[in-house]
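Biologist: Thanks for sitting down with me over this one. Could you put the sequence and the structure up, and then take my questions in turn?

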Amino acid sequence: HKYGEHPSILAWSFGNEINMREHGFLQEFDREFVCGWNVHDEKLGGCYNAKSPPNETNPCYDSSYCVYDKLFRWIEQAARAAHEQSLMPILSTFADTDLVLDKIGRAGHLAPSINMWAAQLYRGYSFGPWFEHAANASNTPTNFKPFLVTEYGVDAYHDVCGHDPLKTPCFNQLGDSSGSHEDEGTQALWNRNLTIELAWHSSAQPACDSTSREYAELLNLTGDDTYVNQSCVVGGGFVYSWVDEYWKGSHVAAECHPNFWEPAFTIDECEYKAHVTCPNWNASLHDLCGQPLFSSPDHYQNEEWFGITSPTKCADSMDSLRLRKQYWALREEWTGGDSAEQIEMPSCERITECPGGCSGRGTCETDHRICGPATMKPNSGAPCCMCHPGWAGEQCDELDARTKLSIGCGFSILLLISAVFLSYALRPGLSHRKSSLDVDHYGNGGIGIEQGLLLDHKLLAGGPGHRSHLVQ
């Protein structure tokens, strides 16, 4: 509820690739509702990942519908609850597996509170006929919704691990002489082509203005589905991803348990085409962990190498980003601008530079654990100035509170001492005047105040003789 309509949020998604067998939801529904669904691949006699939708005589036809019936009803419950907290669109993202478009076509009407369908697509250089199939899947009055491609793209690493299907596991590592290398050019070319295809099928085109729910329902009543505009089926897409994600090596589809760095390592415990160093839980290392994928340029998907940008470590928890070639290719495609125009990404020197150089009265610290978290306040977070004793402020150009207090106390003491000296400096005159008055009080004849002052004046003017006469 707190972030339900935050301006930086486009939509809310319930789950991620929620239909993947690896996540276990389908198996749970099968067990709870006794659907009789076989979790194994079709080629192994199961119902998962079939090449084509099963016909009504196939046992998988009813058992698959039973499982997905429960899955979509569950999604509907979550979507209703989400709509009570936010006015943002609600969706649920699916993996491009197990003929998901067939499942949406058959059971998608059970989740009417979902605002759009979403899928992660990794199909290689082209999406192929996916958009046409997506249009057919949503071609019913109760299931007429746009699609959102929530992930697409290829990674930027050419990995020899994908070349020879018989060579497994893979021992090549980053920076060795195996022939593997970063391949920005292929990534830029493939992702640009995918983006062009997505734009061709975008519902933002002017020709899509007449495609509405009411129009679709009206034409559907006639039994004529030729009205479906297959070029207006997708609402948009997200290139995956903005920056290389070093943490993804901690869990990938192809792993060795234990991995190469553990004493008990053996290739017998490695999955097909696993890199022997994976899983790798060290998120500060750029590893090659991933899995074989025939649709990738090199037939291997390196999970940590999808970024539009690549990070360079500058200091503790501080990175500088390097723009890959696909940034310029996509920028030119989206904006029509000259991709040769330079955009300067902050260098390590600039990122780790403290404001004002700490005025020469402090040291520049780059550890966020010392500087504290970054906030909306300017110059918050790392880097920050650690001021020398006696100094404070963002640039160490101010006296700290203790120094100010010490100066204030010192000034007060100085004033007090000055006042004491001044009072002692004035005391002799006052004492002399008091002595003159005392003569009047204790002497003979009772001299008045004015007379006493006069005598005092005469005393001061007359010298020792007068003083002797007065005392007598």
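Modeller: Here are some questions and answers on helix packing, nonpolar cores and disulfides, and please keep in mind that the model is predicted.

Biologist: Let's begin with helix 1 and helix 2: are they roughly parallel or roughly perpendicular to each other?

Modeller: Two packed helices are described by the angle and the distance between their axes. Here the axes of helix 1 (residues 25-33) and helix 2 (residues 59-83) come within 9 Å and cross at roughly 110°. Angles from 65 to 115 degrees count as roughly perpendicular, and therefore helix 1 and helix 2 are roughly perpendicular.

Biologist: How many nonpolar, polar and charged residues are there in the contact of helix 1 with helix 2?

Modeller: Helix 1 brings Phe25, Leu26, Phe29, Asp30 and Phe33 to the contact, while helix 2 brings Cys66, Val67, Tyr68, Lys70, Leu71 and Trp74. Asp and Lys count as charged. By class, the contact has 9 nonpolar, no polar and 2 charged residues.

Biologist: Nice. Which helix gives the most to the largest nonpolar core?

Modeller: In soluble globular proteins, nonpolar side chains tend to be buried together. The largest nonpolar core in this model has 46 residues, and those with the most contacts inside it are Leu71, Phe72, Phe94, Trp117, Trp130 and Phe147. With 8 residues, the element that gives the most to this core is helix 2.

Biologist: And how many residues are in the second, separate core?

Modeller: Among the members of that second core are Cys161, Cys170, Ala254 and Phe265. The second core is separate from the largest one, and its residue count is 9.

Biologist: Back to Leu71: which residues does Leu71 touch, not counting those up to four places away in sequence?

Modeller: Leu71 is one of the helix 2 residues in the contact with helix 1, and is also among the residues with the most contacts inside the largest core. Leaving out residues up to four places away in sequence, Leu71 touches Ile18, Asn19, Leu26, Phe29 and Phe94.

Biologist: On to the disulfides. Is the link of Cys256 and Cys270 left-handed or right-handed?

Modeller: The structure holds 10 disulfides, and in this one the sulfur atoms of Cys256 and Cys270 are 2.0 Å apart. Both cysteines sit in the loop between strand 7 (234-239) and strand 8 (290-292), 14 residues apart. The angle about the S-S bond is 115°, and the link is right-handed.

Biologist: What is the handedness of the disulfide of Cys278 and Cys289?

Modeller: The S to S distance from Cys278 to Cys289 is 2.0 Å. Cys278 and Cys289 each lie in the loop between strand 7 and strand 8, so the pair ties together parts 11 residues apart in sequence. Both cysteines are buried. The torsion about the S-S bond is about -95°, so this disulfide is left-handed.

Biologist: Last one: is Cys364, the partner of Cys354, buried or partly exposed?

Modeller: A disulfide joins Cys354 to Cys364, with Cys354 in the loop between helix 8 (348-351) and strand 12 (362-365) and Cys364 in strand 12. Buried means under 20% relative accessible area, and exposed means over 50%. Cys354, at 4%, counts as buried. Cys364 has a relative accessible area of 37%, so Cys364 is partly exposed.

Notes:
Residues are numbered from 1 along each chain as its sequence is written. This is a predicted model: local features need pLDDT of at least 70, side-chain atom pairs count only at pLDDT 80 or more; totals for chains, interfaces and linings use all residues. Side-chain values use heavy atoms; hydrogens and water are left out. Axes are lines fitted to C-alpha atoms, for helices over the stretch in contact, and angles run from 0 to 180 degrees between N-to-C directions. Helices (H or I, at least four residues) and strands (E, at least two) are DSSP runs, numbered from the N terminus. Angles under 35 degrees count as roughly parallel, over 145 as roughly antiparallel, 65 to 115 as roughly perpendicular and the rest as oblique. Contact means heavy atoms within 4.5 Å. A nonpolar core is a set of buried Ala, Val, Leu, Ile, Met, Phe, Trp, Tyr and Cys residues joined through side-chain atoms within 4.5 Å. Buried means under 20% relative accessible area, exposed over 50%, partly exposed in between (1.4 Å probe, protein chains only). A disulfide is a pair of cysteine sulfur atoms within 2.5 Å.
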